[in-house]
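Dear colleague,

Please find the structure below. My notes on it follow.

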Amino acid sequence: MKKNIKQSNIDHAPETLPVIPTMDIVVFPRMIVPLLVLDERIIKGIQNSIDNDSKKVFLIASRKQSSDHKGAIGTKDLYEIGTIGSIMRLIKIPEGGIKILVQGLEKGYVSDIAADQELLNATVHRIVSEDTFDTPEINALIKNIKAVSETMSLAGQSLSPDFHLIISKMHDPEKIAEFILSHLTLNVESAQKLLECASFEEFIEGLYLLMSQEVEVSQAQERIKNSTRDSMNKSQKEFYLREQLKAIKKELGEEETQEIDKIRAKLDSLPLPEEARIEISRQMNRLEKTSPDSMEAAVLRNYLDLALSLPWGTQTTDNLDLGHAQRVLDEDHYGLKEIKDRILDFISIKKLKKDGYAPILCFAGPPGTGKTSLGKSIARALGREYYRVSLGGVKDEAEIRGHRRTYVGAMPGRFIQGMRKAGSSNPVIIIDELDKIGSDFRGDPSAAMLEILDPQQNKTFYDNYLGIPFDFSQVLFIATANNLENLSEPLRDRMEIIYLSGYTSEEKKEIAKKHLVHRAISESGLNADTLALSDDALLDMINSYTREAGVRELDRLLKKLCSKTARMLVEKNCTEVITKENMEQYLGPRKFVDDEYDHRALVGITNGLAWTSVGGEILKIEAIIMPGKGRLLLTGQLGDVMKESAQAALSYACAHSQEFNIDPKMFTEYDIHIHVPAGAIPKDGPSAGITMLTSILSALTQRPINAEYAMTGELNLRGDVMRIGGIKEKILAAKRNHITHIILPYKNKSDIAGLEEITKDIQLIWVNHANEVLGHVLMPQELKKVVI
């Protein structure tokens, strides 16, 4: 039972009445409303009521609106309080259903609703009203209602033309309430709250609140309307004044050249493609018809400014002197013969054919090897403009293709911006850190790069902001990357990849003498005579303080050395020659000593060679045997491929145990543990196959391994040594650690072409089978304690 209906007001002599659910309307006592009934159960209940001469029905509102109903109304959706009504008229409709005219009689409370297949009846208790209408509170509310109606009338928001006039002449509170209800448009929830009011005073107070809300809404609408009218009047006034100002300037002869005329003059002077000319002209016509102070005009001005400032048909003249190019490249970079030859080839083609294709190069290699700075040198050698685009961490495709102009703050892509800054259509564009590009829900920038790095497509590159094709075919694109595995196969296929391996100690020394030392001295405020650094000291710095493929750490050490020298010069007004002996006074203890890599012949420990993204490394493979059940234990954070290499090596050793005089029980009663130090670093790849086999056989036979050898090569189950990659980096790693013999797969012999300089002090041993490896490195048992 509703809490605001008094128990004493409910008639406890119920009667059973047919239910008529109403949607979007609440029927009050003494209200006459027409209703359309389509439900057969409700129609049958109405017919029974007419047949019984009672003509009574129970009108009850639904909590759902008519738009929510997709079928019959559920009894749970009906309110508990409604109105007992009397049927005044009934009309049958030819299409089905009936129309009835109903008058509300009195409020009622439902205690039970019986719904079956044929009828929808309710047990209804009459709610008896005991209200008195002539109380001071009710009279006060009636006066307030009349005042509100007057306010509505003065504001022109009357519910009907004669609403205030009629209500001012009425004195009966019930009649006034009925009159207001017939004119107010209430939602079901508000009307139901009024119906459920426990007293007439509460009812009339609710009406007053609803009328007050109507007044507030009307006043708010009027304020908005006035504000809009004022804004429109202000815009019209500004337009009128601007037109007057133009006319005054014209009469005085002070009329300035119109902005549109300037843009048209610039458009006529540019050698644009026809498609671009049509689109830019269309945008100019739009600007001409747009108010100069509107947001759209600002967007159009920015677009036209960009489109007309691009280098349409503007090119720099290439310097095709091969001697000049060779000098520039040699001045800026030491070594890098393959890259320099490729640039000279490109210049030669340009000399023979002016419109020859521009190669799309990708320099791949460890950090600090000069990939990015090479681009600037190439631009200087060719006499072209230079622009660098860094794609490290870029995840939004719009960074490449630009934003559509419909977005607030839209901008062109980085490449169109680069062409604008370069000022020519044939610059050298460095695409830096291409392998660090990312992707997320905003798109995949690497997929957008496929168009700009394809010579067949970049002639008509489409930027979303520019909206017209732009020709990138004359641009010399040079991408840089550390790890090509992060690039998609289609992207790699579009570029000519040139690998930059790490530098040897001798190369680093030459780079330091020709470039790094002079730069460090200059940046420290010293002069060439102030810092004295011998070649031996420089080599000691390279070998004892750095372990890198490039020269960045060496550059930092030289700057540190110069800063220490500058301090000594300031404090003591003197400097000293930096030698190998006093190096630690400036740079601290040596980080890498010659004997860090053990050169003793030990059982189960083999020198492997590994490739990393920062160059080559020596990788120790350790193996021991211990009593167990024939298990193979692998530690050192090895990847799946490396684990499979270890299993293949063990299977080969087991299958050929007789050749090595190994008791078969060693494979069933002992466990073999293989460990690769530096366990915090993940390791993977197939090239440690022969290294693992050597360690396993050494541990099983207790024969020491010659530590002057390092090796690399993939192993199959037949014992064949397979081809591997990263030959140059691995040879450099062995050379840095004073390894004198390197065992390599015979199938890689062609890879050392051009590496004669770095292999002159190392003996390379080419092998086809695992037995050849073992013959070189496994030493007799009686020599296992000999230190080499």
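**Cysteines, a cavity and one helix**

Cys-362 has a relative accessibility of 0% and therefore counts as buried. Cys-197 is also classed as buried, because its relative accessibility is 7% and the cut-off for that class is under 20%. Please keep in mind that this is a predicted model. As for disulfides, a search through the whole structure returned zero.

Next, the internal cavities. There are two cavities of 30 Å³ or more. The second largest cavity holds about 40 Å³ of space. What lines the second largest cavity? Its lining consists of Thr-22, Val-26, Val-27, Leu-59, Ile-60, Ala-61, Ile-81, Gly-82, Thr-83, Gln-192 and Leu-195. By type, seven of these lining residues are nonpolar and four are polar, with no charged residue in the lining. Three elements contribute at least two lining residues each: strand E3 (56-61), strand E4 (81-92) and helix H5 (188-195).

Last, helix H10, which spans residues 322-332. Ala-325, Val-328 and Leu-329 are buried in this helix. They lie on the same side of H10, because the arc they cover around the axis is only 95°. The general background is that an α-helix has 3.6 residues a turn, so residues three or four places apart point the same way. Which helices do the buried residues of H10 pack against? Their packing partners are helix H11 (337-352) and helix H12 (371-382).

Regards

Notes:
Residues numbered from 1 in each chain as written. Predicted model: local features only at pLDDT ≥ 70, side-chain atom pairs only at ≥ 80, totals over all residues. Heavy atoms only, no water. 1 Å grid on protein atoms, 1.4 Å probe; cavity = no way out; pocket = protein on both sides within 12 Å on 5 of 7 lines; lining within 4 Å. Points joined across faces, edges and corners; volume = space filled by probe spheres on them. Helix = DSSP H or I, 4+ residues; strand = E, 2+ residues; numbered from the N terminus. Nonpolar A, V, L, I, M, F, W, Y, C, P; charged D, E, K, R; others polar. Disulfide = S-S within 2.5 Å. Buried < 20%, exposed > 50% of the residue type's maximum accessible area, 1.4 Å probe, protein only. Arc of directions from axis to C-beta. Contact = heavy atoms within 4.5 Å.
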